[in-house]
Amino acid sequence: MSNASSPQFFESLCLPQEIARQIAAQIDAYPEEEICGLLAGNANVVSRCFAVPNVATVKKVTFEMDNTALLRALKEIDKAGLTLLATYHSHPTGQLMLSRHDVMALGSQWPHIYHVVVNRKPDELMMKAWHFDKQDVVSVLIVIDDYGANPIRSQRLSNAQQVAIILAAVITIVVLVVLAVTLLPPPPDLTQQLR
Ligand SMILES: [Zn+2]
């Protein structure tokens with residue numbers, strides 16, 4: 001099963017808040033089972049989430065994606081011009097590490113993408129992303145992003161920083177104008193000069 005080119009691995013995977021919410025809702029619908037699906041986007045930014053039914057025999061401790069839904073999702077990813085970035089699945093028992101079964105199954109089927117493991121706590125979604133590097137399994141930071149469209153987030157100023165800079169500039173200009181007006185010499189008395 002090959003889909004598009006294998007993405008290059010980044011140190012972080014950006015996930016829009018909305019997609020985290022979709023995954024959380026999927027877990028809430030099947031809290032006792034492993035839920036699973038695919039994440040697609042560009043570079044290291046996820047922009048779409050495709051829930052795929054788990055058809056494993058023992059769904060509580062393992063997952064197997066429904067083949068028809070999987071193929072449909074892959075087709076849609078291709079059609080949208082996106083890259084398949086990751087699989088995701090939940091561990092209802094809480095561990096965010098890939099299990100030995102995960103490493104074997106995912107490592108042979110999807111060696112070139114990320115694998116996100118999720119777990120739902122009452123008010124938060126715990127997630128960890130992994131990728132394979134030869135024999136190693138490497139963890140990747142997940143950045144939950146409200147915008148979800150910025151692969152180089154750390155190099156950009158946040159909205160608050162931008163507002164602060166604009167505000168500082170405006171205050172400086174106002175102070176300079178006030179100062180200039182205060183320091184101007186009084187206007188010459190034109191009536192006296194005319195005499
Ligand atoms: Zn697992």
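**Strand pairing and nonpolar core of the chain**

In this predicted model, strand E1, which spans residues 12–16, pairs with strand E7, which spans residues 136–145, in the parallel sense and over five bridges. Within the partnership of these two strands, leucine 15 stands opposite isoleucine 144 of E7. Strand E7 also pairs with strand E6 (residues 124–133), here in the antiparallel sense and again over five bridges, and alanine 129 has valine 140 in E7 as its bridge partner. The hairpin formed by E6 and E7 has two residues between the strands, and in this hairpin lysine 134 adopts a positive phi near 50 degrees.

Taken as a whole, the secondary structure of the chain consists of five helices and seven strands, which follow one another along the sequence in the pattern β-α-β-β-α-β-α-β-β-β-α-α. The chain has 195 residues, of which 27% count as buried. Among the contacts in the chain with a separation of 6 or more, 65% are made by residues that lie 24 or more positions apart.

The largest nonpolar core contains 36 residues, and Leu39, Ala86 and Val116 are those with the most contacts inside it. At least two residues of this core come from each of several elements, including E1, helix H1 (17–29), strand E2 (36–42), helix H2 (67–79), strand E4 (83–90), strand E5 (114–121) and E6, while the most is given by E3, with five residues. When the neighbours within four places in sequence are left aside, valine 116 is in contact with Leu39, Ala86, Tyr88, Met127 and Ala129; of these, Ala129 is the residue already described as the bridge partner of valine 140.

Methods
Residues are numbered from 1 along each chain as its sequence is written. This is a predicted model: local features need pLDDT of at least 70, side-chain atom pairs count only at pLDDT 80 or more; totals for chains, interfaces and linings use all residues. Two strands pair if DSSP finds at least two bridges between them. Helices (H or I, at least four residues) and strands (E, at least two) are DSSP runs, numbered from the N terminus. A residue is buried if 20 or more other C-beta atoms lie within 10 Å of its own, exposed if 12 or fewer, and partly exposed in between; C-beta atoms are placed from the backbone. Two residues are in contact if their C-beta atoms, placed from the backbone, lie within 7 Å. A nonpolar core is a set of buried Ala, Val, Leu, Ile, Met, Phe, Trp, Tyr and Cys residues joined through C-beta atoms within 7 Å.
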